[in-house]
Amino acid sequence: MQGWISINGKRFGCIWLSPMAGMTDPAFRKICKAHGADYMTTEMVSAKAICYGDKKTPVLARIRPEEMPCAVQLFGSDPGIMAEAAEKILERAEKDGTLPAAIDVNMGCPMPKIVKNGDGSALMREPEKAADIIRAMCAVCGKIPVTAKLRLGWDGESIHVVEMAKSLEQAGAAALCIHARTRAELYSPGIHPEYIGAVKKAVGIPIIGNGDVFHAADARRLFDTTGCDGVAVARGALGNPWIFEEIHAMLRGEPYLPPSPAERIEEALHHFALMREDKGEKVAVSESRAAIAYYTKGMEGSARIRGLMNTADSAGRVIQILRDYQKELQEQI
Ligand SMILES: Cc1cc2nc3c(=O)[nH]c(=O)nc-3n(C[C@H](O)[C@H](O)[C@H](O)COP(=O)(O)O)c2cc1C
């Protein structure tokens with residue numbers, strides 16, 4: 001039976017929103033929390049950009065009280081810079097009045113522009129450096145836990161997630177999220193949950209399983225086959241924040257009633273309003289093409305709506321497209 005996850009003595013629920021660059025912004029975090037996400041993480045934030053005083057980056061690491069519990073995720077590969085960035089983020093968070101639930105280290109991003117600098121999943125090839133990063137960050141984070149999110153290894157020839165998890169635990173990591181693919185596999189369908197199970201057996205800290213959870217049954221399978229303490233959902237939550245309710249209903253043994261198409265569009269409008277409030281009209285309109293269009297996925301006429309959204313150049317137009325579509329869907333009933 002799944003229950004609570006204890007990280008450095010603090011209790012959290014077990015269904016998490018996995019970090020997604022460009023997606024898990026404050027607006028989406030608020031939406032996911034309202035739908036039952038128990039713990040969330042910011043988009044990945046560049047440690048170098050924080051240390052070198054980039055003006056735009058600190059906002060990515062800012063958490064409001066209503067998004068808690070939420071961790072800030074950093075990417076980078078220099079232990080000193082990672083520690084300095086963590087320190088700066090915590091100083092700023094203290095001034096703002098909301099300390100993050102944890103500082104998480106990205107050891108899984110497979111993007112060429114990240115790994116070419118030795119960051120993200122490139123750290124899977126340098127386990128000693130990865131442990132040094134955790135040690136350096138723990139030394140400055142005090143009571144705030146340091147966690148990490150990793151893959152299984154660089155490729156099928158170098159799967160050493162179990163050894164790496166043990167050494168990160170020894171270095172001070174308070175919890176680990178394991179995306180059960182190698183870097184070489186990117187996001188190709190199919191995961192290797194047996195490695196999550198092996199990590200769970202090898203360490204004493206909480207292990208969050210991640211990969212291909214699109215329905216409650218996928219979460220159930222991940223819990224049952226690996227013994228993981230929690231499950232993190234990424235793509236399955238895009239346009240479908242109800243997945244957290246679906247998984248919680250399953251865990252309680254209760255039925256789950258999915259939202260109607262019109263309700264989905266209503267939530268898309270709400271999400272868009274939050275984005276607009278947070279980022280202003282211009283950015284919200286441009287980002288709505290991805291974030292908001294997801295809500296229409298699989299619905300009749302959704303390709304046409306996505307096409308229209310791509311041409312929208314104002315908030316009024318985005319809202320009109322969605323309202324017209326909602327009316328159309330209601331008339332079909
Ligand atoms: C668009 C996108 C952006 C992502 N950005 C991040 C990120 O910033 N940090 C991170 O640790 N993982 C990131 N990931 C990986 C996800 O957190 C997750 O590990 C992966 O998608 C597998 O989970 P899923 O099958 O539930 O999608 C991203 C994935 C996607 C699809």
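This passage describes the ligand surroundings and two buried residues in a predicted model.

Around the ligand there are 16 residues, of which Pro19, Gln73, Asn210, Asp212 and Arg235 come nearest. Asn210, one of these nearest residues, places a polar side-chain atom 2.5 Å from an oxygen atom of the ligand. The side chain of Ser18 also takes part, with an N or O atom that lies 2.8 Å from an oxygen atom of the ligand, whereas in Met44 a backbone N or O atom is found 3.3 Å from a ligand oxygen atom. Taken on its own, the ligand has 610 Å² of accessible area, and the protein covers 89% of this area.

Glu246 is located in helix H9, which comprises residues 243-252. The residue is buried and yet has no salt bridge, the nearest side chain of opposite charge being that of Arg264, at a distance of 8.4 Å. When residues up to four places away in sequence are not counted, Glu246 touches His215, Ala216 and Tyr256.

Val162 lies in helix H6, which spans residues 161-171. The relative accessibility of Val162 is 18%, and the residue is therefore classed as buried, since the cut-off for this class is under 20% relative accessible area. With neighbours within four places in sequence left aside, Val162 is in contact with Ala198, Val199 and Ala202. Val162 is separated from Met124 by 38 residues in sequence, and the C-alpha to C-alpha distance between Val162 and Met124 is 11 Å.

Methods:
Residues numbered from 1 in each chain as written. Predicted model: local features only at pLDDT ≥ 70, side-chain atom pairs only at ≥ 80, totals over all residues. Heavy atoms only, no water. Helix = DSSP H or I, 4+ residues; strand = E, 2+ residues; numbered from the N terminus. Buried < 20%, exposed > 50% of the residue type's maximum accessible area, 1.4 Å probe, protein only. Lys, Arg positive; Asp, Glu negative; His and termini not counted. Salt bridge = Lys/Arg side-chain N within 4 Å of Asp/Glu carboxyl O. Contact = heavy atoms within 4.5 Å. Near = heavy atom within 4 Å. Polar contact = N/O pair within 3.5 Å; in protein donor to acceptor, adjacent residues only side chain to side chain. Areas by Shrake-Rupley, 256 points an atom, 1.4 Å probe, with all protein chains shown as cover.
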